[in-house]
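Reader: I am new to this structure and would like to be led through it carefully. Could we begin with a contact and work outwards?

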Amino acid sequence: VLYFAGCYASFIRPEIGEAAVKVLNRAGLRVIIPDQHCCGLPMLSKGRPEKARKKISANLAKWYDKLASADHLVVTCSSCGLSLLQEWDYVLEDDRIATVKRKLIDVSSLVLRYADRLRFDGPAPKIGYHMPCHLKMQARSRSSIELLKKIPGSKVAELDSHCCGMAGSWGMSKHNYALSK
């Protein structure tokens, strides 16, 4: 699998990407982490399509050749997933995007396919799960919940919640922080 980590797992919370790679490896998958750029969604959300187009083009130039030998293009960020799945096609006319869309999969969906290869140790967890808005808009959006329920003895509650307030880079901006919280 080719792993598109995105900005969040690359720079803000790298432990997310590290954990994803560890789980994918334990499931028997070989993970390739190519040089990559931002998915372009933050630029689009700020009304800068030309900057987004440059990031998309740079990504395709950096790693598209590696995608040909990969079974999947996996993401851990639902916003990146939505960007690659939907926004790239709107912003750039490029035949390669069809392959990106066809091979794209959220990490939970992919791990769920191989869950029988994983062992879960430790006490049975109680989990409250908030589904990200950008994941709700994608196929197999319930895969995280299904995967969590595979943990022996787990009790999973899908939170009846609305938008988390983060909205990509919006909630990280200083002037939006209080409203985001």
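Reader: Which residues of H6 do Leu60, Ala61, Trp63, Tyr64 and Leu67 in H4 meet?

Author: This is a predicted model, in which local features need pLDDT (the predictor's confidence in each residue, from 0 to 100) of at least 70 and side-chain atom pairs count only at pLDDT 80 or more, while totals for chains, interfaces and linings use all residues. Residues are numbered from 1 along each chain as its sequence is written, and side-chain values use heavy atoms, leaving out hydrogens and water. With contact meaning heavy atoms within 4.5 Å, those five residues of H4 meet Arg96, Ile97, Thr99, Val100 and Lys103.

Reader: How many nonpolar residues has the contact of H4 with H6?

Author: Ala, Val, Leu, Ile, Met, Phe, Trp, Tyr, Cys and Pro count as nonpolar, Asp, Glu, Lys and Arg as charged, and the others, Gly among them, as polar. By these classes the contact of H4 with H6 has 2 charged residues and 1 polar residue, and the nonpolar ones number 7.

Reader: In what order do the 3 strands form the open sheet?

Author: Strands (E, at least two residues) and helices (H or I, at least four) are DSSP runs numbered from the N terminus, and two strands pair if DSSP finds at least two bridges between them. E1 and E2 (residues 73-75) pair in the parallel sense over 3 bridges. The pairing in the open sheet is parallel, and the order is E1-E2-E3.

Reader: Which element has the lowest mean pLDDT?

Author: The protein chain averages a pLDDT of 89. Strand E1 (residues 2-4) has the highest mean among the elements, 98, whereas the lowest, 67, belongs to helix H8.
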